[in-house]
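Subject: Structure handover

Hello,

Here is the structure I said I would pass on. Please look through it first; my notes on what was found follow below.

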Protein chains: 2
Amino acid sequence: MPAGKPATPRERARIRTIEDIVRLGREHLALHGAAALSLRAVARDLGVVSSAVYRYVASREELLTLLVIDAYDELGAEVEAAVAARRPADFDGRFRALGSAVRAWALREPARYGLLYGSPVPGYRAPAERTTVPGTRVINALMGILDGACRAGRLTAGDSTAAVVPALAADLGRIRRDMGLTVPDPLVARGALVWTSLFGAVSFEVFGQYGADTFAARDELFAHHLGVLAGIAGLQPPAP
Amino acid sequence: MPAGKPATPRERARIRTIEDIVRLGREHLALHGAAALSLRAVARDLGVVSSAVYRYVASREELLTLLVIDAYDELGAEVEAAVAARRPADFDGRFRALGSAVRAWALREPARYGLLYGSPVPGYRAPAERTTVPGTRVINALMGILDGACRAGRLTAGDSTAAVVPALAADLGRIRRDMGLTVPDPLVARGALVWTSLFGAVSFEVFGQYGADTFAARDELFAHHLGVLAGIAGLQPPAP
DNA sequence: GCCTGTCAAGAGCATTGCTCTCATTTGTTG
DNA sequence: CAACAAATGAGAGCAATGCTCTTGACAGGC
């Protein structure tokens with residue numbers, strides 16, 4: 001990418017306008033939800049007629065894609081910051097920080113979380129080539145923690161030493177190679193389970209799948225879940 | 001409820017028309033997704049002008065609610081049937097049947113699954129008084145399995161005998177009382193985790209959160225996850 | 001200083017949810 | 001059987017939406 005600072009003032013004004021559009025779109029998204037995102041409303045807020053917005057953003061889908069990338073990046077940055085705030089050797093603490101950061105961001109930005117991890121917006125498919133990189137920051141961070149614990153010998157195998165079936169082993173092997181992991185196959189599979197389970201727990205809270213008043217102590221419930229998930233991943237709490 | 005067969009033919013024709021509307025709505029939902037559901041489109045398919053539909057369905061939201069109930073009921077019925085097909089004492093098998101049934105239905109009906117467990121349709125809130133009963137069939141079945149295993153003494157406590165924090169214990173106690181469970185608190189909490197984790201794994205598949213070609217052996221991955229989750233719940237595989 | 005390319009505006013098309021009025025069908029009842 | 005009343009369907013209409021097209025103005029680059 002050329003990137004940097006495009007010399008021409010036209011280009012500069014252009015990217016500035018796009019930034020404004022994304023910012024306004026983010027506000028609308030957070031306020032009224034993904035499917036209620038209206039290009040005309042953004043245009044109004046921008047003080048411009050609707051057709052003018054199409055000079056900068058090809059379509060509503062394009063704006064959605066920009067907002068998806070924006071949200072993935074914000075979530076990823078917060079998660080990475082939360083993880084980095086813990087001692088590098090405190091793998092269990094790093095994992096819990098990751099989970100708590102995901103949940104905190106999701107509860108603070110439910111509509112944007114729904115855009116990323118909820119039902120896909122009908123007729124819209126996020127272009128993989130633009131969203132996979134920011135979309136993998138969380139799972140990369142998670143696997144990084146597991147891999148670090150494994151290299152440090154702080155990963156308990158538990159009863160998960162049982163070999164996985166060959167078809168799955170092929171996938172896991174490829175993943176380990178692509179991500180440069182040393183974690184053994186069964187624990188990679190468990191890492192994937194922990195990953196999906198974490199987002200399942202968060203989604204239930206954000207999307208209101210728990211009944212309205214089934215759980216009053218949601219913070220404690222989530223903390224409990226995080227502890228169990230840490231155990232599944234093979235992470236051991238810091239020595240007392 | 002009076003229910004039964006309303007004598008008057010007008011009422012009969014009326015409920016028949018509503019059934020047709022729900023059926024057409026279900027088709028549109030499955031084909032084009034939830035947010036693309038259009039009352040005018042189902043009116044066209046029904047061979048009637050759009051305003052006529054409002055004689056039977058108060059609003060688009062109302063139709064969505066009917067479709068939510070319809071989907072919850074279909075999913076619940078399939079899950080219950082799958083569970084009932086296993087030997088009552090085969091708790092582990094029953095749990096795996098439950099999980100597989102959820103996944104099978106979700107993969108077969110992704111749009112309807114998204115309506116139930118995805119991001120809420122913006123501006124729409126399912127009325128709890130009409131959807132909670134059908135919406136709790138899966139978790140009831142799951143807790144029923146755990147409770148049955150507990151009563152039969154086939155539930156391994158594992159290392160989960162540690163007491164939960166008081167705030168959470170209050171919630172768990174209420175849940176146990178409401179559902180008539182004998183499972184101890186920590187295992188109720190684990191049941192909740194297994195519940196959310198199951199739907200997390202299914203959602204990742206249905207919503208395409210796994211990369212396009214990260215996992216080729218998704219059936220095996222899910223089976224592996226189910227096995228781990230069964231262990232978390234305290235279920236032991238049938239004696240060899 | 002002129003020209004070219006970028007930009008905003010406006011009109012317009014097809015679509016949506018929903019309401020209103022009016023005519024027609026239909027079931028019931030005298 | 002006929003008359004009445006209720007239920008039903010049709011159509012027009014309103015306020016939105018996404019998106020396209022044409023027209024005119026403005027400003028950057030030679």
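One definition is needed before the notes: a residue is called buried if 20 or more other C-beta atoms lie within 10 Å of its own, and exposed if 12 or fewer do. Please also keep in mind that this is a predicted model.

A good place to apply that definition is Gly118(A), in the loop between α6 (110-117) and α7 (128-135) of chain A. Is Gly118(A) buried or exposed? Because Gly118(A) has 22 C-beta neighbours inside 10 Å, it counts as buried. Leaving aside neighbours within four places in sequence, the contacts of Gly118(A) are Phe207(A), Gly118(B) and Ser119(B). Two of these names, Gly118(B) and Ser119(B), carry the letter of chain B. Gln209(A) lies 91 residues from Gly118(A) in sequence, and the C-alpha atoms of the pair are 12 Å apart in space.

Chain A as a whole

Chain A has eleven helices and zero strands. Read along the sequence, its pattern is therefore just α repeated, α-α-α-α-α-α-α-α-α-α-α. Along the principal axes, the C-alpha atoms of chain A fill a box of roughly 65 × 50 × 35 Å. Of the 240 residues of chain A, 42% count as buried. Among contacts in chain A with a separation of 6 or more, 72% are between residues 24 or more positions apart.

The domain assignment splits chain A into domain 1 (1-57) and domain 2 (72-233). The centres of domain 1 and domain 2 of chain A, taken over C-alpha atoms, are separated by 32 Å. Where these two domains of chain A meet, domain 1 contributes five residues and domain 2 contributes six residues. On the domain 1 side of that contact in chain A, four residues are nonpolar, one is polar and none is charged.

The core and a covered helix

The largest nonpolar core has 144 residues, and within it Leu98(A) and Leu98(B) touch the most other members. Not counting residues up to four places away in sequence, Leu98(A) touches Val79(A), Ala82(A), Val83(A), Ala141(A), Leu142(A) and Ile145(A).

In chain B, α6(B) is mostly covered, with seven of its eight residues buried. Which residues of α6(B) are buried? They are Ala111(B), Arg112(B), Tyr113(B), Gly114(B), Leu115(B), Leu116(B) and Tyr117(B). The cover over the buried residues of α6(B) includes α1, α4, α5 (91-108) and α10 of chain B.

How the two chains meet

How many residues does each chain give to the contact? Chain B gives 47 residues and chain A gives 48 residues. On the side of chain B that touches chain A, two or more residues come from each of α6 (110-117), α7 (128-135), α9 (166-179), α10 (185-206) and α11 (218-233) of chain B. The largest share of that side, eleven residues, is from α10(B). By type, the side of chain B that touches chain A has 28 nonpolar, 16 polar and three charged residues.

A turn of 180° and a shift of 0.0 Å along the axis lay chain B on chain A with an RMSD of 0.1 Å. That is the relation of a two-fold axis. The copies meet through the same surface, because 100% of the interface residues of chain B are also interface residues in chain A.

The DNA strands

DNA strand C is surrounded by 20 residues, and the closest are Val49(A), Ser51(A), Ser51(B), Ser59(B) and Arg60(B). At least two residues of the surface near DNA strand C come from each of α1 (9-32) and α3 (50-53) of chain A, and from each of α1 (9-32), α2 (39-46), α3 (50-53) and α4 (60-84) of chain B. Which element gives the most to this surface? It is α2(B), with three residues. The surface near DNA strand C is made up of seven nonpolar, six polar and seven charged residues.

DNA strand D has 21 residues around it, the closest being Ser38(A), Arg40(A), Ser51(A), Arg60(A) and Ser51(B). For the surface near DNA strand D, the elements that give two or more residues are α1, α2 (39-46), α3 and α4 (60-84) of chain A, together with α1 and α3 of chain B. By type, the residues near DNA strand D are eight nonpolar, six polar and seven charged.

Regards

Methods
Residues are numbered from 1 along each chain as its sequence is written. Chains are lettered from A and ligands numbered from 1 in the order in which they are written. This is a predicted model: local features need pLDDT of at least 70, side-chain atom pairs count only at pLDDT 80 or more; totals for chains, interfaces and linings use all residues. A residue is near a molecule or strand if its C-beta atom, placed from the backbone, lies within 6 Å of it. Helices (H or I, at least four residues) and strands (E, at least two) are DSSP runs, numbered from the N terminus. Ala, Val, Leu, Ile, Met, Phe, Trp, Tyr, Cys and Pro count as nonpolar, Asp, Glu, Lys and Arg as charged, and the others, Gly among them, as polar. Two residues are in contact if their C-beta atoms, placed from the backbone, lie within 7 Å. Domain bounds come from an automatic or database domain assignment. Copies are superposed by least squares on the C-alpha atoms of residues with pLDDT of at least 70 in both. A nonpolar core is a set of buried Ala, Val, Leu, Ile, Met, Phe, Trp, Tyr and Cys residues joined through C-beta atoms within 7 Å.
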